[in-house]
Amino acid sequence: MPLIENGKRFDGRDLGELRPLNATLNPVKNAGGSAMFQMGDTIAVATVYGPMEVIPAFMEKSDRAIIDVNYQMLPFSTDDRNRPGFSRRNVEISLLIQRVFESAVFVEDMPRSKILINIEILCADASTRCAAINAASLALAAAGIPMKDCVASCAAGIVEGQVVLDVAGKEDTEGDVDMPIAYMPLTDEVLLLQMDGIITKEQFSQMTSMCIEGCKKIHDFQKKVLLDYKKE
Amino acid sequence: MESEDKENDTNEEKEDERYIIVAPGSLLATSEKMGEGVFTLNGKTYSKYLGIVKKTDYKTSVVPFNQNYRAKREDKVIGQIKDFKHPFWIVDIFASSNGYLFVKEVNARTTRQDQLMNMFKPGSWIFADVCEITDRVKLSMRGRDSKILKGGRIITISPSKIPRVIGKKGSMMKILQDKTGCHIKTGQNGLIWIEGENTDLAVKAIQKIEREAHIKGLTDRIVEMLDSEIISKEVKENATD
């Protein structure tokens, strides 16, 4: 069965269309701030604690806060059981999410402190790191951490030679290229760009612009969620 | 600090309808403005927090909805002694940094270290003032109401709701203490110490305040709730007699 037919994808979306988005603010009462972000079948829950004291003390920076990110996929999030705990992939994604938020949060405002971000993936259906970044930026805003702007993130890919936005399911496993981007609309900065596969220069620029358009849509959605929260 | 909070409280009630909610990165002004919780970029002013805008003629500020406690000078806080490292005790004040209580800031009858160590054991709770903030938060026990908290129980609420528990000029506090007969001390860091016979009722009332702080007519509802609880308790006691 082909993945793209008559300009429609296997799940009925257009090439440049995002999956349905859903978000809840503060589902976890114990945390300083938390958020659930859902892109299609991918669900991420982020909890933010702090700013708090740095342990061990030698990690503390006298001029800025450090951000500690723990990203993990829960055992039941994938089709096969995913072994919980330390893995190369978790460490890598934690590190890159940390770097994204170091440039979005005003770390200089909170010297000698730590901000802890825990991200669990409840259900994985491609672009988990994008959902994780979206959830974490909502959770940071809910926790009252000073930041420049919400960071929005989404992925583009190449499936059967065509550029598509927000790859999902089969497109991720059978597609050729996957490129997640994290983008901050206010400063017009790209905070994360990863890519695997071989593409041409034209395809790259096309994918980047498509991703940024998608990120702007996600950013509008995040803003709406934050502003609607207290209205009730 | 308390008086300032009370002023803020009255302002909040007056301007209830005209609140503007902003998210991080929301545009506040197209010129560079002074204020707290805002930042400027390319000559424009944006919000840093998810919160409420407060505008005056010369200032634009954003007050965040929810934030971890940050110590301010002259705040009264409740903390737990963690450790002694000469010349100070390290106190956990449930904030982004520890509090430090120096030996010379302790107002005790004795200056002998073994006796002081016995009074300020690790794990004991104290009610202290924040006297100075340098690179670390310094606490003082020289104030009039500072004391070591013995007995009673401690509950935690959101630090932003503490002004509501105190009320205008301490009115809510007075109601709580009179009706329940408990002795209550509130720390600005969101910890509340309650001592007395009817602590359950006081805890219930404080949790109700935290839940319903944003709805108008709070004081009346709390009085009503306390009265009905006290009456029902008396009825129960009479029935058992």
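These are my notebook entries on a predicted model with chains A and B.

**Entry 1: confidence**

I started with how far the predictor trusts its own model. For the complex, it gives a pTM of 0.85 and an ipTM of 0.88. I then looked up chain B, where pLDDT averages 84 and 92% of the residues score at least 70. One stretch of chain B made me pause: over residues 1–16, pLDDT stays under 50. For that stretch the model has 13 contacts beyond four places in sequence. My reminder to myself is that predicted coordinates should not be read in detail where pLDDT is low.

**Entry 2: where the chains touch**

How many residues does each chain bring to the contact? I found 25 residues from chain A and 17 residues from chain B. On the side of chain B that touches chain A, I noted nine nonpolar residues, seven polar ones and one charged.

**Entry 3: the sheet in chain A**

Next I followed an open sheet of four strands in chain A, in the order β9-β8-β10-β11, with antiparallel pairing. Which strands stand at the edges? They are β9 (162–165) and β11 (189–193) of chain A, and each pairs on one side only. From one strand to the next, the twist averages 30°.

I zoomed in on one pair. Strand β10 (residues 177–184) of chain A is joined to β11(A) by four bridges, and the two run antiparallel. A:Y183 has A:V190 in β11(A) opposite it. As background, I wrote down that strands of a sheet pair through backbone hydrogen bonds, either parallel or antiparallel.

**Entry 4: helices of chain A**

I looked for a helix lying across this sheet and found α2 (residues 128–142) of chain A. Helix α2(A) lies across β8 (152–159) and β10 of chain A, at about 165° to β8(A).

Helix α2(A) also meets helix α4 (residues 201–229) of chain A: their axes come within 11 Å and cross at roughly 30°. The crossing of α2(A) and α4(A) is right-handed. From α2(A), I listed A:N134, A:S137, A:L138 and A:A141, which meet A:I218, A:Q222, A:V225 and A:L226 in α4(A). By class, this contact has five nonpolar, three polar and no charged residues.

**Entry 5: the sheet in chain B**

In chain B, I traced an open sheet of three strands, ordered β13-β15-β14, and its pairing is antiparallel. Why is one side of β13 and of β14 left without a neighbour in the sheet? β13 (153–156) and β14 (183–186) of chain B are at the edges and each has a single partner strand, so one side of each stays without a neighbour in the sheet. The twist here averages 20° from one strand to the next.

Between β14(B) and strand β15 (residues 191–195) of chain B, I found four bridges, with the strands running antiparallel. I picked out B:T186, which stands opposite B:I192 in β15(B).

**Entry 6: helices of chain B**

Helix α5(B) lies across β13, β14 and β15 of chain B, at about 155° to β15(B). I then turned to how α5 (residues 199–211) packs with α6 (residues 218–240) of chain B: the angle is about 155°, and the axes are 11 Å apart. An angle over 145 counts as roughly antiparallel, and α5(B) and α6(B) are therefore roughly antiparallel to each other. Their crossing is right-handed.

Which residues meet there? B:L201, B:A205, B:K208 and B:I209 in α5(B) meet B:L218, B:I222, B:M225, B:L226 and B:E229 in α6(B). By class, I noted seven nonpolar, no polar and two charged residues in this contact.

Notes: Residues are numbered from 1 along each chain as its sequence is written. Chains are lettered from A and ligands numbered from 1 in the order in which they are written. This is a predicted model: local features need pLDDT of at least 70, side-chain atom pairs count only at pLDDT 80 or more; totals for chains, interfaces and linings use all residues. Two residues are in contact if their C-beta atoms, placed from the backbone, lie within 7 Å. Ala, Val, Leu, Ile, Met, Phe, Trp, Tyr, Cys and Pro count as nonpolar, Asp, Glu, Lys and Arg as charged, and the others, Gly among them, as polar. pLDDT is the predictor's confidence in each residue, from 0 to 100. Axes are lines fitted to C-alpha atoms, for helices over the stretch in contact, and angles run from 0 to 180 degrees between N-to-C directions. Angles under 35 degrees count as roughly parallel, over 145 as roughly antiparallel, 65 to 115 as roughly perpendicular and the rest as oblique. A crossing is left-handed if the near helix is turned anticlockwise from the far one by less than a right angle, and right-handed if clockwise. Two strands pair if DSSP finds at least two bridges between them.
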